[in-house]
Structures are given as structure tokens and as C-alpha cells.
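Q: Please take a close look at a single strand of this predicted model, and describe how its neighbours are arranged around it.

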Amino acid sequence: MVYLVGACDMDKGIKGRATSRYLNRQLKNRNLAGVVLRVDSPGGDPMASDVVADAVRRLRKRGVPVVVSQGDVAASGGYWLSMDADEVLTTPLTITGSIGVIAGWFW
């Protein structure tokens, strides 16, 4: 079970850098039956969400089942962390939101 709690950040909250390294190390674990991610995050840095989501995709590609258990909130980056799982479990009180997009243009 891996806890992804707090803001999506590379070194705080979900600790994207350390968490992605840990999940990628699990690719070599032949005894791994599956991974449960506990996601409770309002979002934050898209890079942190993406590096963890990439590690989840790699696990699934290797055939490792991944289940997400969402806590109070899984919005924006928290939703991003959840979207590649085989199954997502929530409660009726979980706030699940979309991935926000920020765009700019020259005027």
C-alpha cells in the first residue's frame, strides 16, 4: 500500500520524486501481487502527478494490478494519480474532480 496524501509536489505531499522511484523499483519485485494507492490529494504540481502516473502505467504494463482507494479528495492531480488504475474505489463523500488545464497565449 502506497499513501499519496497531500499536495502533488515533487518533494512534499505525495513526494512525486521518491514515490515514482519506489514504484519503479517494484517492477523488479517478482513476488508483488498488486499495488493499492491511497490517494487523498487536492492536486498541485502536474510534473509530480505525471511521474507517479507513469510509474503506475509501467506496473500495469507488467501485469501488476493497481487499485486506487480515494480519500476525502482526489481532485486535479489527485484524479491524475487515479486514472490509470485498474479500479478506483471511493465513498459517496469523496470529492473527485477533473484535471485542470492552464493555457496561455500571446496577446
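A: Valine 2 stands opposite leucine 37 in S2, and this pairing belongs to the contact between strand S1 (residues 2-5) and S2, which run parallel and are joined by four bridges. Strand S2 itself spans residues 35-41 and is mostly covered, with five of its seven residues buried. S2 also pairs with strand S3 (residues 66-74), again in parallel, through six bridges, and here valine 35 is the residue that stands opposite valine 66 in S3.

The helices complete the picture around S2. Together with S1 and H1, S2 forms a right-handed β-α-β unit, and a right-handed β-α-β unit is likewise made by S2, H2 and S3, so that S2 takes part in each of these two units.

The two helices of these units, H1 (residues 16-25) and H2 (residues 46-61), have axes that come within 8 Å and cross at roughly 10°. Because the angle is under 35 degrees, H1 counts as roughly parallel to H2. On the H1 side, the residues that meet H2 are Gly16, Thr19, Ser20, Leu23 and Asn24, while H2 contributes Ala48, Val51, Val52, Ala55, Val56, Arg58 and Leu59. Sorted by class, this contact of H1 with H2 holds seven nonpolar, four polar and one charged residues.

Definitions and conventions: Residues numbered from 1 in each chain as written. Predicted model: local features only at pLDDT ≥ 70, side-chain atom pairs only at ≥ 80, totals over all residues. Heavy atoms only, no water. Axes fitted to C-alpha atoms, helices over the stretch in contact; angles between N-to-C directions. Parallel < 35°, antiparallel > 145°, perpendicular 65-115°, else oblique. Contact = heavy atoms within 4.5 Å. Nonpolar A, V, L, I, M, F, W, Y, C, P; charged D, E, K, R; others polar. Buried < 20%, exposed > 50% of the residue type's maximum accessible area, 1.4 Å probe, protein only. Pairing = 2+ DSSP bridges. Right-handed = clockwise from strand over helix to strand, strands pointing away.
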